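Work through these exercises with the model open beside you. Each task is followed by a solution in steps.

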Amino acid sequence: MEVKKIEKTIELDDGRQTKFEFSQCNNEGFKEEQIDYTIELIQNYLKKYKGLVINRVTDFSANTGDFYKDAHGKSYDDMSELGKYYYAQEEIQLNHIRTSRMPFQENEFIKRIETYATKVYKVESIIDQMKYHAMKARVPFENLKTIFAEDPVGKKFIEDLHENDILTNPLEDGICSIYLIRKLEFQECIKRIMIHEIGHAIADQYGITDDQGIKSLYQKYEKDFEDIDEFIAECFMASEFASNIKVASNVRGIINKYTNVWE
Ligand SMILES: [Zn+2]
């Protein structure tokens, strides 16, 4: 059972360097093609974000030298964590056992996310109209919510919200955005995980976490995210895949101001 190391370094014209270190064993770990795509992706983000530094991209085995388990003996295969950004080292690590089994590119759902978002926001506008009519008729909205839940399409949507761990009241403001971001977050592909980790790097290195606008946005959706770092990283990722997810676009607007990247 021999572990093979693959090491590559890229350097940009301005001198920024990124080291890539991956390991392979028994036909597991990243394949050459996945590594090439990952390098290309990082290179594109570095070119776009001139202040971004990623010193190293590696896999979980880099910390312990063990291909299958972490320092506590826990198997990477059993870990829910797929990737991690190390703030002090400015380094991205991937759970090589789990992520190397995924395709690199976005799958069908990610390709269709913008169209899907349009449909979901249509539901949101129906909810808003129902709220408005309930208010005018002085009918408690809770009753309409019940009616909505009895409609087959509405029922499916509400069930889906619960299944996707959306903890807020299903009819709360911004819930459709959270639903769409969560849907994306569950899609398994390397590109999505990488972009999420790059989001952490951008948020930290450009000081976005300290922005007042970001802080007040986060307060509204606090219960749907682990912390403010996760909120920014998930919104950045979502905004990369769809331009019409409202909460993600708001976060992205703030990121654009700090990074001066407008595409
Ligand atoms: Zn994260």
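A residue is buried if 20 or more other C-beta atoms lie within 10 Å of its own, exposed if 12 or fewer, and partly exposed in between. By that count, buried residues make up 32% of the 263 residues in the chain. The model is predicted. Its chain has eleven helices and five strands.

**Exercise 1. Determine how helix 10 and helix 11 cross, and which residues meet there.**

Step 1. Locate the two elements: helix 10 spans residues 228–241 and helix 11 spans residues 246–259. Their axes come within 8 Å and cross at roughly 100°.

Step 2. Classify the angle. Values from 65 to 115 degrees count as roughly perpendicular. Helix 10 is therefore roughly perpendicular to helix 11.

Step 3. List the contacts. Helix 10 contributes I232, C235, F236, A238 and S239. Helix 11 contributes V247, A248, S249, V251, R252 and I255.

Step 4. Sort the residues of this contact by type: eight are nonpolar, two polar and one charged.

**Exercise 2. Find the buried residues of helix 11 and say what they pack against.**

Step 1. Check the length. Helix 11 has 14 residues and reaches 20 Å from first C-alpha to last, close to the 20 Å expected at 1.5 Å a residue.

Step 2. Pick out the buried positions of helix 11: V247, A248, V251 and I255. They lie on the same side of helix 11, because they cover an arc of only 95° around the axis.

Step 3. Identify the partners. The buried residues of helix 11 pack against helix 7 (175–185), helix 8 (190–205), helix 9 (212–221) and helix 10.

Step 4. Look past the end. N260 follows helix 11 and has a positive phi, near 60°.

**Exercise 3. Split helix 9 into its buried and exposed residues.**

Step 1. Take the buried residues of helix 9: I214, L217, Y218 and Y221. Their arc around the axis is only 100°, so they sit on the same side of helix 9.

Step 2. Turn to the face away from that buried side. Here helix 9 carries the exposed residues Q212, K215, S216 and Q219.

Step 3. Name the neighbours. The buried residues of helix 9 pack against helix 7, helix 10 and helix 11.

**Exercise 4. Why is helix 7 described as largely enclosed by the rest of the structure?**

Step 1. List its buried residues: I175, C176, S177, I178, Y179, L180, I181 and L184.

Step 2. Compare with the length. Eight of the eleven residues of helix 7 are buried, so helix 7 is largely enclosed by the rest of the structure.

**Exercise 5. For N27 and E90, state the sign of phi and the exposure.**

Step 1. Recall the background. Most residues other than glycine have a negative phi.

Step 2. Take N27. Its phi is positive, near 70°. N27 sits in the loop between strand 2 (17–24) and helix 1 (32–48). It has 7 C-beta neighbours inside 10 Å, so N27 counts as exposed.

Step 3. Take E90. Its phi is also positive, about 50°. E90 sits in the loop between strand 4 (83–86) and strand 5 (91–94). With 16 C-beta neighbours inside 10 Å, E90 counts as partly exposed.

**Exercise 6. Place R101, then give its separation from I190 in sequence and in space.**

Step 1. Find R101 in the loop between helix 3 (96–99) and helix 4 (108–136).

Step 2. Count neighbours. R101 has 11 C-beta neighbours inside 10 Å and therefore counts as exposed.

Step 3. Give both separations. R101 and I190 are 89 residues apart in sequence and 9.2 Å apart in space, C-alpha to C-alpha.

Terms used. Residues numbered from 1 in each chain as written. Predicted model: local features only at pLDDT ≥ 70, side-chain atom pairs only at ≥ 80, totals over all residues. Axes fitted to C-alpha atoms, helices over the stretch in contact; angles between N-to-C directions. Helix = DSSP H or I, 4+ residues; strand = E, 2+ residues; numbered from the N terminus. Parallel < 35°, antiparallel > 145°, perpendicular 65-115°, else oblique. Contact = placed C-beta atoms within 7 Å. Nonpolar A, V, L, I, M, F, W, Y, C, P; charged D, E, K, R; others polar. Expected span 1.5 Å × (residues − 1). Arc of directions from axis to C-beta.
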